[in-house]
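Me: I am new to this structure and would like a close look at a single part of it, with a walk through its surroundings afterwards. Please take it step by step.

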Amino acid sequence: MVEVPQVSAEQAVQTAIEGGPAASAQHEVYGVARVVVPFDGPDGLAYRTAWMVRTGTSGKLPGQWVSFVDVVSGALFNVHNQVRFLEGTLSARHDLRGPSGDFDVSPVQDLEVSGSEGGTDFTDGTGAFSVSGSSATARFTDGADFDIYNEDGPEASFTWSDSDAIWTDSDATQAEIDTYVFITMVQNWASLYANDIGIVQDGMTGFVNLDSTCNAYYDGNINFFQAGGGCNNTGRIKDVVFHEWGHGMHYYAAGTSYVDGSVGEGISDVVSMLETNDSIMAPYFNTNGSGIRDLGPNQRYPDDVINQVHTDGLIFGGAVWDWRKIAEESMTAEEAKAIISRVVVDGMTTNPTIPDTYDAMVFGDDDDGDLSNGTPNICDIIEAFSLHGLGPASMGEGLLSLGHEVITNQAPSSAEYPVVADLASVAPDCFSVGVPEAKVVWSTDGGETWTETGLDFDGGSVTGAIPQVPDGTVVHYYIEAESDSGIVQSPVNGDRHPFSFAVGDFTEIYCNDFETTDGDWTSELLAGENTEGADDWQWGRPQGLGGDPDFAFSGSRVWGNDLGADNYNGEYQNDRHNRISSPEIDVSGHERVFLQYRRWLNVEDAFYDQGQILANGEVIWTNHASGRSVGDEHTTDRQWALHTIELPAGIETLELSYEIITDGGLSMGGWNIDDVCLYGADAAVVEPGDDTGDTGDGGSSGDRDVDVPDPGSETASGASDSGEVSGCACTTAERTPASGWLAVLGLAGLGLIRRRD
Ligand SMILES: [Ca+2]
Ligand SMILES: [Ca+2]
Ligand SMILES: [Ca+2]
Ligand SMILES: [Ca+2]
Ligand SMILES: [Zn+2]
């Protein structure tokens, strides 16, 4: 008999799909046919007529489906999948952290796997896959987010037929395996803490085994060099892969290609350190097992800036390392990692330079859009960054601040010269001042010898006095306070560029506050390419860039190098020599003449850059020099210092000049000068052999040997000096003194006031 179909072919297809095991998948219908199907009935072999529906699916429920629907009842009575499956996990054997000989096996995630019978699948986070066929193949060039290319041979390809396969260097270079596995590890970190940064969605392409050695770089892709030259293959080093990816994250976070290179190296090291929790960067970078950098030592801004991005990056990287160690004292390592990861990523969106990194971290840490009420981890951040010269505690090495209004010139009749400074915690809500010891350290010989005088602390201020010194003396001094909360000086690095004042009766010869006019001072470029801003002497208001102040000392105008307005950045240029000079000033009729002015100078260690003062073209002062090629003892004024220099004797008409001579690297804010004055004085009247000088009661204590025969006479000072004062008789004005103010004052005879020891 022939049964009359009660169910249409279209209805049968619908029933086959909806009633089958892959109902949720998209089916491609290959065909429908009416067939007679034999089956075992109660009375022996029987037949029923059915629609045979053939469909195909892919994706998560792949199959080649054959379904049978009874033509009369419409029932789906048999479904089978003609495709065989290979299901399992794909893992890889990779270097644990570098080519140390220690290996680990980790999932190969987010990689496309092709089945031998067509169709593909991407491995998940555990490496799990399912494809059709009896074997499967994968290539590192087929990642969902990452593709890794071998630049030294064919791309890796791995075919396997076991459910759970482990990819080894039999089917790839180890660098391809390692780079792929490590980059997916950093992506897993990023998906937790940097998911808003586009790099997480965009993925990245890597090239390994490049034909060079001992380096790796990011150029939009990540690139790793072969082994050789004493270095291992950089594609096999986890820290390096994390680091290079970190460069990409930095660019994405900042949203610009104009990022600070030092911060870039720092944040890249931090991305690696957050994974390894180790201050050493890239162990086994070198074949002897050593790494390339250490975040442990306290590199400080700005003294340790050497204009090499990897080294300079340690200032920020080291601060984050210290933050992690401090945070781990009050929380678990995982909690610390989570907080710091989130904050450093968010902080990078402000695209900071090194000195801005503290602000960037506070911005990243803020949880309520209000920085004025603090941020959850600000105390830890302040403490950690203070170790690196960053943040509010950057005045000293610790958590103290010292605010001091400088001592101005003193009358000869004054019995002592009061010293007052405000000593405070930079973060009173976090740290107390502790029990400080404070002192003023002062010199009457231009800084060759120093005397310490204790100061009292009354809970907010340190107070005391420098005892009386002879009339005609220039006193250099700085203040220092120390407690368990740290050590701080005013000015910072006080003995490099101390404050100074003079004692005596003075006649004002010349003073200019540069308010109503520029004083007819004129500038010129003496050496270096004459580009815009090469001669960067500007008259106006400094803008607070490059270490400059953002206010004049008097009124609203100063003279300075690159004041930072418009398209200027506040910093002097490299490889330049420029100078500003006063008009001729009559300074005749005085036995001694002193220059005194307000200085806000930021200049690299004079081993490299010189900020100089000249009298009639002869150098009378140069910024501090370390005398060593490390060159990290910069002059870094943080306030308007009073600077006092006695001019060489015998000048009647003075052309006063300030100049800057720079090398090819590391630029800073340069000169800012205001209230430039010249004072005349008669020679101090000092009784020869009187060890208290002409100072009366309360004057010089007996620890100094005052011997000033005739300060105005070079012959006399040279003769009596007997070579005791370095830079005195043996120094000519033509020679640039290593420590300018010291030598200059020696030349003028003031260096003869000596401590016996
Ligand atoms: Ca807040
Ligand atoms: Ca002024
Ligand atoms: Ca320089
Ligand atoms: Ca400047
Ligand atoms: Zn780098």
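Which residues coordinate the calcium ion (ligand 2), and through which atoms?

Reply: Happy to help! Please keep in mind from the start that this is a predicted model.

The calcium ion (ligand 2) is held by donors from five places in the sequence, written as D-x1-E-x38-S-x2-R-x116-D. Asp513 gives its O atom, Glu515 an OE atom and Arg557 its O atom. Ser554 is listed with both O and OG, and Asp674 is listed with OD twice. The coordinating atoms sit at 2.3 to 2.5 Å from the ion.

How open are these donors? Aspartate 513 has a relative accessible area of 35%, so it counts as partly exposed. Glutamate 515, in contrast, is buried because its value of 16% is under the 20% cut-off.

It helps to set this site beside the other one. The calcium ion (ligand 1) is coordinated at 2.1 to 2.5 Å. Its donors are Asp366 (OD), Asp368 (OD), Asp370 (O), Asn373 (OD1) and Gly374 (O). Their spacing in sequence reads D-x1-D-x1-D-x2-N-G. Here, too, you can look at two of the aspartates: aspartate 366 is buried at 16% relative accessibility, while aspartate 368 is partly exposed at 41%.

From the ions, let us move on to charged side chains that pair with each other. Side chains of opposite charge can pair when their charged atoms come close. Across the whole structure, a search finds 18 salt bridges.

One of them joins arginine 324 and glutamate 328, with 3.2 Å between the closest N and O atoms. Arginine 324 is buried, at a relative accessible area of 3%, whereas glutamate 328 is partly exposed at 23%.

Another salt bridge links the side chains of arginine 579 and glutamate 659, at 2.8 Å from N to O. Arginine 579 belongs to strand β32 (residues 577–581) and glutamate 659 to strand β41 (residues 656–661), so this pair ties together parts that are 80 residues apart in sequence. Both of these residues are buried.

The side chains of arginine 628 and aspartate 632 also meet in a salt bridge, with an N to O distance of 3.8 Å. Of these two, arginine 628 is partly exposed at 42% relative accessibility, and aspartate 632 is buried at 14%. There is also a network of salt bridges that links Asp95, Asp178 and Arg236.

Next, have a look at a helix and a pair of strands. Helix α2 covers residues 174–193, which is 20 residues. From its first C-alpha to its last, α2 reaches 29 Å, close to the 28 Å expected at 1.5 Å a residue. This helix is mostly covered, with 16 of its 20 residues buried.

Strand β12 (residues 157–160) has two faces that you can tell apart on screen. In a regular strand the side chains alternate between the two faces of the sheet. In β12, Phe158 and Trp160 make up the covered face, and Ser157 and Thr159 the uncovered one. Strand β10 (residues 136–143) runs antiparallel to β12, and four bridges join the two. In one of these strands' pairings, threonine 137 has threonine 159 of β12 as its bridge partner.

Finally, some details of the backbone are worth finding in the loops. The peptide bond between tyrosine 301 and proline 302 is cis, with omega about -5°. Proline 302 sits in the loop between β18 (293–294) and α6 (309–327). A cis peptide bond also leads from serine 490 to proline 491, where omega is near 0°. The loop that holds proline 491 lies between β26 (486–490) and β27 (499–502).

Asparagine 277 has a phi near 50°, a positive value in a residue other than glycine. This asparagine is in the loop between α5 (261–276) and β17 (280–281), and at 27% relative accessible area it is partly exposed. Asparagine 616 likewise has a positive phi near 50°. Its loop runs between β36 (610–615) and β37 (618–622), and asparagine 616 is partly exposed at 36%.

One last stop is glycine 589, in the loop between β33 (585–586) and β34 (592–599). At 74% relative accessibility, glycine 589 is exposed. In space, the C-alpha atoms of glycine 589 and aspartate 682 are 9.6 Å apart, although 93 residues separate the two in sequence.

Notes: Residues numbered from 1 in each chain as written. Chains lettered and ligands numbered in written order. Predicted model: local features only at pLDDT ≥ 70, side-chain atom pairs only at ≥ 80, totals over all residues. Heavy atoms only, no water. Donors = N, O, S within 2.8 Å, 3.2 Å for Na, K, Ca; no water. Buried < 20%, exposed > 50% of the residue type's maximum accessible area, 1.4 Å probe, protein only. Pairing = 2+ DSSP bridges. Expected span 1.5 Å × (residues − 1). Salt bridge = Lys/Arg side-chain N within 4 Å of Asp/Glu carboxyl O.
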